[in-house]
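Biologist: I am new to this structure and would like a close look at one part of it, the nonpolar interior and what surrounds it. Could you take me through that part slowly?

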Amino acid sequence: MFQNSFQARTTAVKVRFGAGSRTSAADEIRELGCSRALILSTPHQSGDAMQMAELIGDLAGGIYTKATMHTPVSVTEDALQHVDSIQADCLVSLGGGSTIGLGKAIAYRTGLPQVVIPTTYAGSEATPILGQTENGVKTTVSHPSIQPEVIIYDAELVSTLPVPMTVTSALNAMAHAAEALYSQTRNPISTMLAAEGLKAFKNALPRVLETPDDLDARGETLYGAWLCGTVLGQVGMALHHKLCHTLGGTLDLPHAETHSIILPHAIAFNARAVPEQLQPVCDIFGGTDAGQALYDFALSLNAPTALKDLGVSEADLDRAAELAATNPYWNPQPVEEAAIRALLQTAWAGSPPLR
Ligand code: NAD
C-alpha cells in the first residue's frame, strides 16, 4: 500500500556490526577525537565493563557501574561527578537500556559523545529519546545530543543474555516495529525497516532458543533490534507504548515483560481500525489477524502472557484503564476506557486477544 504523502527524518549514526566487533571500540573512540572514556554498566555487568577497560587500555579514564533501571536523576548526578573527576571526554555504555539511559542522561547534560555497545534488544541506542526518573515520576525528553554517535553490535555480548530475558527483550523490540507500521508519522522507509526488523526476529529467535550461543542467530536478532530501535527513534508510537508506560509507572512492573504481555492485545485492538497497515505482521507471522499471530508467536517462545503473573490485581486494572484513557494521545482506534479495561482483563488472564 503506497503512502503518497509523508515527512522523514534520519540521523547520522555510525554502526559497526559483527561477532567480536567490540574490539573496535578503541578505534571508534579515537575516530571521535577522544582519549579519556568513562565506561558505564550496571553492577551486574561490572565484569564486562572491566574487560572493556582492559580492551581499550590507555583510552579508559574510569568505570562507573551503578546504572539503574528507569535512569534515576540521583544516579546521573553521582555519575557526573566521576565524569568531572576523571575529565572524561566520551562515554562507553556497555549494557541494556538502563546503562544506555545513563549514558544518554550524561550526554544530554554535558554534550559528551557516546559509543554504545548494546547487550539486549531494547533499542535505546538507536533513539534520541531519554526517559529519566525523579521523585518517582518518569519523564521523557528528546534531543539531538541524546542520540549516541556510534553503536557497536557484537553478537558475542548478547549471547550471554539468559533465554527468558532474550524472549521478552525481543518482544519489547518487536513492539516498536509493530506500532511503527501504523504510526501517524510513518513513512515508506520506516515501514520497510519495521517489517525487516520483525522478519529478523521471526527468523532468528527460534534458532536462538534452540542454541543460545549461535552467533549467526544472535547476530540476526541484533540486526532486528537495530531496525526496531531505529523506527522507535524516527516515528511516533501509540496505544501499546502508552499503555506499557502507564502500567510500568503506576504498578512498577518490569519493562520488557510488560511489553511482551501487552503487545498482542494492543495490536489486535488497533487491527480493528488499520488491518491493511498491519498486514506485514500477518505476512511474516502467518494467519489473518495480526494480534493473534503475535500471541501465537509469543506462546511458541514460552513468553510470559498474563499480567496476573507479574503480581497485578484486577483492581489495578481499573486505575490503569482510567489513566490510559484520560491522557489524550493519537491512536488509530479511539482509546475508550471500557474498551481498554476489556483489553487489560484479557491481558491479565493471558487469554488470546479480543478481536
Ligand atoms: P536493562 O538494561 O535494565 O537490563 C536488565 C538486566 O539485565 C540488568 O541487570 C543488565 O545488567 C542485565 N543484562 C543486560 N544485558 C545482559 C547480557 N547480555 N547478559 C546478561 N545480563 C545482561 O534492560 P533493558 O530491557 O535493556 O532496558 C530497559 C530500560 O531501557 C527501561 O528503563 C526502558 O525505559 C529503557 N528503554 C529506553 C528506550 C529509549 O529509546 N529511551 C528504548 C527502549 C528501552
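Modeller: The largest nonpolar core, meaning a set of buried Ala, Val, Leu, Ile, Met, Phe, Trp, Tyr and Cys residues joined through side-chain atoms within 4.5 Å, has 47 residues, and those with the most contacts inside it are Tyr121, Met174, Phe201, Leu278 and Phe285. Helix H6 (163–181) is among the elements that each supply at least two residues of this core, and H6 gives the most, with 10 residues. Because domain 1 (14–158) and domain 2 (163–349) both contribute residues, this core lies between them; the domain bounds come from an automatic or database domain assignment. This is a predicted model, in which local features need pLDDT of at least 70 and side-chain atom pairs count only at pLDDT 80 or more, while totals for chains, interfaces and linings use all residues. Residues are numbered from 1 along each chain as its sequence is written, and side-chain values use heavy atoms, with hydrogens and water left out.

Not counting residues up to four places away in sequence, Met174 touches Leu198, Phe201, Cys228, Leu263, Phe285, Leu294 and Phe297, where contact means heavy atoms within 4.5 Å. A second, separate core of 21 residues includes Leu243, Leu253, Ala266 and Val335. Ala266 is also touched by His240, which lies in helix H9 (residues 239–251), helices being DSSP runs of H or I with at least four residues, numbered from the N terminus. His240 is buried, with a relative accessible area of 0%, where buried means under 20% (1.4 Å probe, protein chains only). In H10, 15 of its 17 residues are buried.

Notes: Buried means under 20% relative accessible area, exposed over 50%, partly exposed in between (1.4 Å probe, protein chains only).
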